[in-house]
Amino acid sequence: MTTNFIIGFLLSLVVATVAYRKHSLNQSGMIAAIILGTLVYGLGHWIFYVFMIFFFMSSLVIRRVVTVLYPSAHRALMHHHQKHEARTWVQVLANGGILVLISAVYTFWHSNFVVFVAALSMAAATSDTWASEIGVLSHQKPVTLLRKLPMETGLSGGVTSLGLWASLGGSTLISLVLGLYLGVVSGFNLKLIIEIGLCIAGGFAGSLFDSILGELFQAKYKTLKSEIVEVSSAAEDILIQGWRWFDNNLVNFLSNVFVVGSFSALVFFFGLF
């Protein structure tokens, strides 16, 4: 196991350093990514790390493409969230913290079921990230999922057709990686197709749950310029919705918990593993 921790540390050091130099992670985010990656590889199965890399690298590529080709859309997303392009340690943990816990479970429960749960977690994270990064390119006005109210582009809680398709694509990517792994170790059959389908559905459901939490509970503020933002940067900003402590990072974490809890229970109940 010590060897796994060393391999995980070295791999994570390389990936996080590159991301830091590309300004995709700030210093705290780089340190968190190294620690998280080391624990995932050291405690869990190597395929967990592959899920995480597919999530991170695909999100990084999409953000770079959007930044370069559609800078105005990217600025809208950054402006409403009042955040920089570089991810902080909080954002890293919000998306990958559950995977560390799943990896810890794998140390005493070596099962393809745990592998499925790990894929679920990363499918939800990838689904939501793709929806946010690609959804801002839509020519449609975003609407809230439950009340169908129009929202400004870039605000959490709003969905568009393009964003929903992107969400489905992100979930499918991780699910196909899962399917390839399970197919090699257990065989390609009808049961595998069902498992892939459930992982796709779980990741997509996580993105929808994320939008619902963003619509109903996430804090939104009105600035002196009458702009709506999700992070207050001035004492004069007025809270117009949600709770101050209910931010986008908490939304991401809770949606991941929802997917892992509900869909893993469903799969376990029907005895698919």
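Glu133 is buried, as is Arg63, and in this predicted model the side chains of these two residues meet in a salt bridge with a distance of 2.5 Å from N to O. Because Glu133 belongs to helix α6, which covers residues 112–135, and Arg63 to helix α3, which covers residues 46–69, the pair ties together parts that lie 70 residues apart in sequence. The count of salt bridges in the model comes to 2. The other pair to be described joins Glu215 and Arg147, whose closest N and O atoms are 3.1 Å apart. This pair likewise links distant parts of the chain, since Glu215 is placed in helix α8 (residues 190–216) and Arg147 in the loop between β1 (143–144) and β2 (158–159), with the two positions 68 residues apart in sequence. Glu215 has a relative accessible area of 2% and is therefore buried, the cut-off being under 20%, whereas Arg147, at 47% relative accessibility, counts as partly exposed.

These pairs are set within a protein of 9 helices and 5 strands. Read from the N terminus, the elements follow the order α-α-α-α-α-α-β-β-α-α-β-β-β-α. For a chain of 273 residues, a compact globule would be expected to have a radius of gyration near 19 Å, and the value of 19 Å computed for the protein agrees with that expectation. The C-alpha trace spans about 55 × 40 × 35 Å along its principal axes. Of the 273 residues, 51% are buried. Among contacts with a separation of 6 or more, 72% are accounted for by residues 24 or more positions apart. The accessible surface comes to about 12,900 Å², and carbon and sulfur atoms contribute 71% of that surface. With regard to charge, the protein carries 15 positive and 12 negative side chains, and the centres of the two sets are separated by 4 Å.

Several polar or charged residues in the helices were examined individually. Asn95 is located in helix α5, which comprises residues 89–106, and with a relative accessible area of 8% Asn95 is buried. When neighbours within four places in sequence are set aside, the contacts of Asn95 are Phe55, Arg87, Met122, Ala125, Asn252 and Asn256. Asp210 is found in helix α8, the helix that also holds Glu215 of the second salt bridge, and at 5% relative accessibility Asp210 counts as buried. Apart from residues up to four places away in sequence, Asp210 touches Asp128, Val251, Asn252 and Ser255. Asn252 thus appears among the contacts of both Asn95 and Asp210. The C-alpha atoms of Asp210 and Leu168, residues that are 42 positions apart in sequence, lie 14 Å from each other in space.

Asn249 is placed in helix α9, which runs over residues 248–269, and its relative accessibility of 17% leads it to be counted as buried. Leaving out neighbours within four places in sequence, Asn249 is in contact with Val90, Gln91 and Ala94. Between Asn249 and Leu99, which are 150 residues apart along the chain, the separation of the C-alpha atoms is 15 Å.

Backbone geometry was considered next. Most residues other than glycine have a negative phi. His23, although not a glycine, has a positive phi of about 65 degrees, and the residue is situated in the loop between α1 (2–21) and α2 (27–43). With a relative accessible area of 56%, His23 is exposed. Lys148, also a residue other than glycine, has a positive phi near 55 degrees. Lys148 is located in the loop between β1 and β2, the loop in which Arg147 of the second salt bridge is found, and at 55% relative accessibility Lys148 counts as exposed.

Methods
Residues numbered from 1 in each chain as written. Predicted model: local features only at pLDDT ≥ 70, side-chain atom pairs only at ≥ 80, totals over all residues. Heavy atoms only, no water. Helix = DSSP H or I, 4+ residues; strand = E, 2+ residues; numbered from the N terminus. Rg over C-alpha atoms; globule rule 2.2 N^0.38 Å. Buried < 20%, exposed > 50% of the residue type's maximum accessible area, 1.4 Å probe, protein only. Contact = heavy atoms within 4.5 Å. Areas by Shrake-Rupley, 256 points an atom, 1.4 Å probe, with all protein chains shown as cover. Lys, Arg positive; Asp, Glu negative; His and termini not counted. Charge placed at Lys NZ, Arg CZ, Asp CG, Glu CD. Salt bridge = Lys/Arg side-chain N within 4 Å of Asp/Glu carboxyl O.
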